[in-house]
Amino acid sequence: MLRDYLPVVLLAALAVAFAVASMTASRLLGPNRPDPVKLSAYECGNEPIRLPKGEKFGVKFYVVAMLFIIFDIETIFLFPWAVTFRTLGLFGLVEMAIFIGLVFVAYVYVWKKGGLDWAEGQGPASVREARAAAEADLGEAARAR
Amino acid sequence: MLPTPKLDFLPVLPELILAGAGIVTLLYEALAPRASRATHLGLSLVGLAAAAGASIALWDRTGDPTVLAGAIQADRLAVVARVIIISVAAVGLLLGTHYYDRSGDERRGEFYPLVLFATTGMTLIVAAADLIVVFLALEILSLSLYVLTGMSRRGQATEASMKYFLLGAFASAFFLYGVAMAYGATGTTKIAGIAHALAGQTGGQALALVALGFLAIGFGFKVSAVPFHMWTPDVYQGAPTPVTAFMAAATKVAAFGALIRVLDVSFQPLAWDWMPVIWALAAASVVVGSVLAIAQSDVKRMLAYSSIAHAGFVLTGLTAANQDGIRAALFYLIAYAMMTLGSFGVVMLVSVRGEERTSLASYSGLGRRQPLLAGLMALFMLSLAGIPPTAGFIAKVGVFGAAIRAGHWQLALVGVVSSVAAAFFYLRVVVLMYMQEPQGEEQEEDRSPLPRLALAVPAILTLVLGVFPQMLLGVLDKASVLRW
Amino acid sequence: MIRLPLVLVFSALLFSAGVYGVLARRNAVLVLMSIELMLNAVNVNLVGFSAALRSLTGQIFALFVIAVAAAEVGIGLAIVILLFRNRETINVDEVNLLKW
């Protein structure tokens, strides 16, 4: 029944109304005297060095995401079986064993082909690059000051 | 306890063997430190041979037309289509082994499991008796082919793979939407069940018609019928040539196998509604494919457009919506698979290392440089053009005859006129090979025997089916009876 | 109980949004996401029909669709990575070695 969702809708409407009302009130009632310090972004007391906009993630993240999606979604077939596994009995168990065996084959392949190695050397290359870039920026900022 | 479903795995034994072979080669590639192409090839060919044997053993099977809770069809159409697909895969593997041996590329051991998985999907889709299985099989074969398309260092291959993937996934979504609509209209996803439900309904078939439309879009993409053909030239050109050979020949057989079931079983009660749609697709494919092929200067692109035209010819046969049409379409598919496989095989051997020589100009004077290859190419070109005494001629006569007997003589006329136009660009290749001087400096020629041996299969079949078509027609008479 | 036509209209809108995304977006990853949207529209349809028809097939099918969609994303991401390594771009308009 749609009626059952009425409380949820009411709550959501209330929340939105409260937020809008309090922001409008502070805009209208409070004093507004901007200066550069107040307008600057606040990051733990430091000047933000650079904006993360447009930065690229290392390709490694995509590989991990890809593998995660695939192996994660495979569990979807375990749920219906888990719900009815007593009624399915041995037949269901054998089916599932075959299924998991197949997933395991894929896992062995990924493992042996190096899909799970994060990076050669110490630590992820992308993190090292990001750190180097940040340090360079810090140095520049210090010199400028 | 639920009753354990009655399990008869024999009708899916070919698929189980193929998938098993795929897994074995995959593990071999992963676990053997120095996996060799020869071992890969051996393992794969054993798997293919066993699967072919298991398919042929199903020919005389009696009993339930469907098994595994109505998921798999055990009829002779499935047997014939499987045997064609498996043979194409075997030749494709031989060509591919040679290709990667020559290209000096990385090992590319994944070629073998991927071809085997794609073959599994293709044989499964022609035996599917449930739209869920059709969808799963379609995805198995498509996903494998997307990766296979990109299996080369050339940037073109990656790009082709990307295009194929995006458009293929797009088409799959349309197909799936159609399946959902068919389920909504009839309450079942079983191919035969849909037919029963539709036959029982009177009026109010809007949902079923929507379903039919979306399914037509999905299949149109897979068989590359106009106007869903845009990906074909790019993908066929960009993919490694042995992959193109396998894909062009086998995918069409598989997709048409499933299309025949969906049209002539599920939607048989609505035959008068889908006939004009298929009619229009057929006419557009035949005309557009033939005309655009004339303008191509790259052999692979030219063959891609020609494959679009051939999809139109098969659809011409299907407009008959009866056993006559199915038989003609099956014969056409077999002939098409053989001549396409063969011509792409020759293209691969002519282009030596990598993909340098796929322009039409590199065929000038081939008759003098490489008489055997030129002879094979001439045979396949004549067959594609539909000139007797080749399989292509008999196949064309078959589909046009079926269309005319069903009252679609206008479509047959369009087909004949287009064939005449198409003969121009096929014969141009023959003229180039035999009547022109070789151009450019002498280049290294590829003279290895193994791929030539592999090409003997399609060449012999193209000739034999052209001269003695009765041999196959008797078999197809029995195979084109759909049991459900 | 939510009425079936409502579900169908919602799913049709979702599907159309996906189609629009595929045709309008230039970033391959966004095109991929639009395709996922289309597949999920189908799932909504399947589950809606399944409830309306009181048949389980639709829900089972939806499970398969989810799994296949994940496999598709996996392959898609892999191809995007490959393309990025080769061409330094994932803009589908700049992918033009082959004539469209």
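**Close-up views of a predicted three-chain model**

**View 1. A buried threonine in a loop of chain B.** With 28 C-beta neighbours inside 10 Å, B:Thr319 counts as buried, since 20 or more such neighbours are enough for that label. Please keep in mind throughout that this is a predicted model. B:Thr319 sits in the loop that links H12 to helix H13 (323-350) of chain B. Who are its partners here? Setting aside neighbours within four places in sequence, B:Thr319 is in contact with B:Met275, B:Ile278, B:Trp279 and B:Ala282, and also with B:Gly325, B:Ala403, B:Ala406, B:His408 and B:Leu411. If you would like a distance to look for, B:Thr319 and B:Ala271 are 9.2 Å apart from C-alpha to C-alpha, with their positions 48 residues apart in sequence.

**View 2. Helix H9 of chain B and what covers it.** Eight of the eight residues of H9(B) are buried, so this helix is mostly covered. You can pick them out by name: B:Trp231, B:Thr232, B:Pro233, B:Asp234, B:Val235, B:Tyr236, B:Gln237 and B:Gly238. Which helices cover these buried residues? Among them are H5, H6, helix H10 (241-266) and helix H12 (299-318) of chain B.

**View 3. Helices H15 and H17 of chain B, side by side.** The axes of H15 (residues 371-385) and H17 (residues 409-435) of chain B come within 9 Å and cross at roughly 165°. An angle over 145 degrees counts as roughly antiparallel, and H15(B) and H17(B) are therefore roughly antiparallel to each other. Their crossing is left-handed. On the H15(B) side, the contact is made by B:Ala374, B:Met377, B:Ala378, B:Met381, B:Leu384 and B:Ala385. H17(B) answers with B:Ala422, B:Ala423, B:Tyr426, B:Leu427, B:Val429, B:Val430, B:Met433 and B:Tyr434. Sorted by class, this contact has 14 nonpolar residues, with no polar and no charged ones.

**View 4. B:Ile125 in the largest nonpolar core.** The largest nonpolar core has 222 residues, and B:Ile125, B:Ala250, B:Ala329, B:Tyr332 and B:Ala337 are the members that touch the most others. Zooming in on B:Ile125, and leaving out neighbours within four places in sequence, you will find contacts with B:Val134, B:Ala137, B:Leu138 and B:Leu141. B:Ile125 is also in contact with B:Ala254, B:Gly257 and B:Ala258.

**View 5. Where chain B meets chain C.** This contact draws 30 residues from chain B and 32 residues from chain C. On the chain B side, helix H5 (131-149), helix H6 (155-186) and helix H9 (231-238) each supply at least two residues. Which of the helices gives the most? That is H6(B), with 17 residues. By class, the side of chain B that touches chain C has 16 nonpolar, 11 polar and three charged residues.

**View 6. C:Thr57, a chain C residue that touches chain B.** C:Thr57 is found in helix H3 of chain C. Is C:Thr57 buried or exposed? With 20 C-beta neighbours inside 10 Å, C:Thr57 counts as buried. Not counting residues up to four places away in sequence, C:Thr57 touches B:Tyr183, B:Thr188 and B:Thr189 of chain B, together with C:Ser50 of chain C. The C-alpha atoms of C:Thr57 and C:Val47 are separated by 9.1 Å, and these two residues are 10 apart along the chain.

**View 7. Helices H2 and H3 of chain C.** Chain C has three helices and zero strands, and buried residues make up 37% of its 100 residues. H2 (residues 28-53) and H3 (residues 57-87) of chain C have axes that come within 9 Å and cross at roughly 175°. That angle makes H2(C) roughly antiparallel to H3(C). Residues of H2(C) in this contact include C:Leu32, C:Glu36, C:Leu39, C:Asn43 and C:Phe49, while those of H3(C) include C:Thr57, C:Phe61, C:Val65, C:Ala69 and C:Val80. By class, the contact has 15 nonpolar, six polar and one charged residues.

**View 8. Chain A and its contact with chain B.** Chain A has five helices and zero strands, and buried residues make up 1% of its 145 residues. Where chain A meets chain B, nine residues of chain A are in contact with eight residues of chain B. The chain B side of this contact divides into seven nonpolar, one polar and no charged residues.

Notes
Residues numbered from 1 in each chain as written. Chains lettered and ligands numbered in written order. Predicted model: local features only at pLDDT ≥ 70, side-chain atom pairs only at ≥ 80, totals over all residues. Contact = placed C-beta atoms within 7 Å. Helix = DSSP H or I, 4+ residues; strand = E, 2+ residues; numbered from the N terminus. Nonpolar A, V, L, I, M, F, W, Y, C, P; charged D, E, K, R; others polar. Axes fitted to C-alpha atoms, helices over the stretch in contact; angles between N-to-C directions. Parallel < 35°, antiparallel > 145°, perpendicular 65-115°, else oblique. Left-handed = near helix turned anticlockwise from the far one by under 90°. Core = buried A, V, L, I, M, F, W, Y, C linked by C-beta atoms within 7 Å. Buried ≥ 20, exposed ≤ 12 C-beta atoms within 10 Å, placed from the backbone.
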